[in-house]
Amino acid sequence: MRSQRLLLRQGTVITMDDDLGDFAAADVLVDDGLIVAVAPDLGPVEAESIDAHGMIVLPGFVDTHRHTWQAALRGLAADWTLGQYMTGLHLGLSALFRPEDTYAGNLLGAVEALDSGITTMLDWSHNVNTPEHSDAAVQGLLESGIRAVFAHGGGADMYQVPSTVPHDEDVRRVRDRYFPSDDQLCTMAMALRGPQFATLDVTASDLRLARELGLPVTLHVGDGEWGRSRPVTRMKQRGLLGPDITYVHCNTLADEELRDIADSGGSVSISPDIEMQMGHGWPATGRLMRVGIRPSLSIDTCVSNSGHMFGTMQLCLATQRAIDNEEPGASDRASVTLGSRDVLSFATRDGARACGLDDKVGSLTPGKQADIVLLRADTPSLAPLNNPVGQVVYSAHPGLVDTVLVAGRVVKSGGKLHGDLAERAVRLGEASRDSLFSRTRDTKNLTDARIGGTWQPAPLVTTEL
């Protein structure tokens, strides 16, 4: 449903705009896809009305790093180690992906995100082995209706660690064909391997290509033992840092490297769930905040963890508080060092900033595009509302997502996605899963790889310091 003018009536409004603040009850007016007014009572307005009584109205969530192509394999790695994940998926099933499997995964993953209130998602697409795979990945995002950043990550031949293979030049074609403008619902970035997984010369070459094409960059650093190779220090020595880079994870980076990211204007995406599960290290939330970096949040991969932002926010906050509470004198602290509003900001406004979209989304600021989520608050799990921000972070869940707007278009209402999008995405995902498994030539060996794992991380690359 597309409406030129929508009036969201009398919801509890969390704007995430420091000047506007929050409202126990307010109206939000949307006109031609933009937020035009937020006020306690806008009076009579000629617009289609949505009754938001008993609901929390807030900006759509922003996921800044998701390997969306893996969606049809959800749950497969719930009990895998990092080595088993690399063996079973990246050295196993990923090679069997056809373009239609990539399309199905991206459609299913994007629809899953929308259904849970994620209106913007950066798709870290690193299994596009042919131009046809890239086309299929982009098509899945476009058909879903989500606001997306397609981060082209190349194919499997680029991921032999440490790689000397430059980034796939097909990125030029994808940029020209699908993303001629940065002012569209789906935009583009480059997902680079960085100096943990490629040589420093290749990293420098890849960054030159991204900057030539005017594309922002997202790269992994500081995940597990790899992160102790001082990747950010080595990039700094080559003059490669910049405000166009989002650094993913950062768990095992040195404090000096975090300060270098801050000084360069770079942004950070953390994935608390996957980082702790796969042994990347403790989430760097507090360390980042201490050097002036407000991280964004990401799901990473649904083959292990859930695909919604509620669980990620809860885990982010609880983990950092546990770390803080272990510090000497913590019992005498006058207040918590990380608040619920901070974490909600990570999931909205700071996420938009990391994606280069903070002028468009991330807060309910008049003039921004209307990416809005309505949560049911008149339920036993949330009522009564005593602390709306804290309750969104600690008590909400995807089942409470009643209505979702993307650029003013209502894609979900009454707790149900519009049209047959969800049913089609599920059907295609199941068919893709079945086909992938049926084309596994030696199921026993794949199972053995899952259980035992033969993959080992490459030796740390430190000679270029």
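Which residue in strand 3 is the bridge partner of Leu 29? The partner is Ala 37, and this pair is a good place to start a walk through the model.

The structure is a predicted model, in which local features need pLDDT of at least 70 and side-chain atom pairs count only at pLDDT 80 or more, while totals for chains, interfaces and linings use all residues. Residues are numbered from 1 along each chain as its sequence is written, and side-chain values use heavy atoms, with hydrogens and water left out.

## The chain as a whole

The chain holds 15 helices and 17 strands. Both are DSSP runs numbered from the N terminus, with at least four residues (H or I) for a helix and at least two (E) for a strand. The radius of gyration is 22 Å, close to the 23 Å that the globule rule gives for 465 residues, so the chain is as compact as a globular protein of that length. Here the radius is taken over C-alpha atoms, and the rule is 2.2 Å times the number of residues to the power 0.38. Along the principal axes, the C-alpha atoms fill a box of roughly 65 × 55 × 45 Å.

Of the 465 residues, 59% count as buried. Buried means under 20% relative accessible area, exposed means over 50%, and partly exposed is in between (1.4 Å probe, protein chains only). The accessible surface comes to about 17400 Å², and 52% of this belongs to carbon and sulfur atoms; such areas come from the Shrake-Rupley method with a 1.4 Å probe.

Contacts tell us about the fold too. Among contacts with a separation of 6 or more, 76% are between residues 24 or more positions apart. A contact means heavy atoms within 4.5 Å.

## Strands side by side

Let us return to the opening pair. Strand 2 (residues 22–31) and strand 3 (residues 34–39) pair in the antiparallel sense over five bridges. Two strands count as paired if DSSP finds at least two bridges between them. Strands 2 and 3 form a hairpin with two residues between them, and Asp 32 in the turn has a positive phi of about 55 degrees. On strand 2 there is also a pairing with strand 1 (residues 5–14), antiparallel over seven bridges. In that pairing, Leu 6 stands opposite Val 30.

Elsewhere, eight strands form an open sheet with parallel pairing, in the order 6-7-8-9-10-11-12-13. Its edge strands are strand 6 (61–66) and strand 13 (296–297), each of which pairs on one side only. Within the sheet, strand 10 (residues 217–221) and strand 11 (residues 245–249) pair in the parallel sense over five bridges, and Val 217 stands opposite Ile 245.

## Some residues to find

The table lists residues with their places and relative accessible areas.

| Residue | Place | Relative accessible area |
|---|---|---|
| Glu 112 | helix 2 (residues 99–115) | 18%, buried |
| Ser 125 | strand 7 (residues 118–125) | 1%, buried |
| Arg 230 | loop between strand 10 and helix 6 (231–237) | 24%, partly exposed |
| His 249 | strand 11 | 1%, buried |
| Ile 293 | loop between helix 9 (285–290) and strand 13 | 4%, buried |

What surrounds these residues? The contacts below leave aside neighbours up to four places away in sequence. Glu 112 touches Arg 66, Arg 74, Cys 302 and Gly 307. Ser 125 is in contact with several residues, including Trp 69, Phe 150 and His 152. Ile 293 touches Leu 258, Ile 261, Ala 262, Val 268 and Leu 288.

You can also try some distances in the viewer. The C-alpha atoms of Ser 125 and Ser 438 are separated by 24 Å, with their positions 313 residues apart along the chain. For Ile 293 and Val 411, 118 residues apart in sequence, the C-alpha to C-alpha distance is 33 Å.

## Backbone angles to look up

Most residues other than glycine have a negative phi, and most peptide bonds are trans. Arg 230 has a positive phi near 55 degrees. His 249, also not a glycine, has a positive phi of about 90 degrees. Finally, a cis peptide bond joins Ala 383 and Pro 384, with omega about -5 degrees. Pro 384 sits in the loop between strand 14 (372–376) and helix 13 (388–395).
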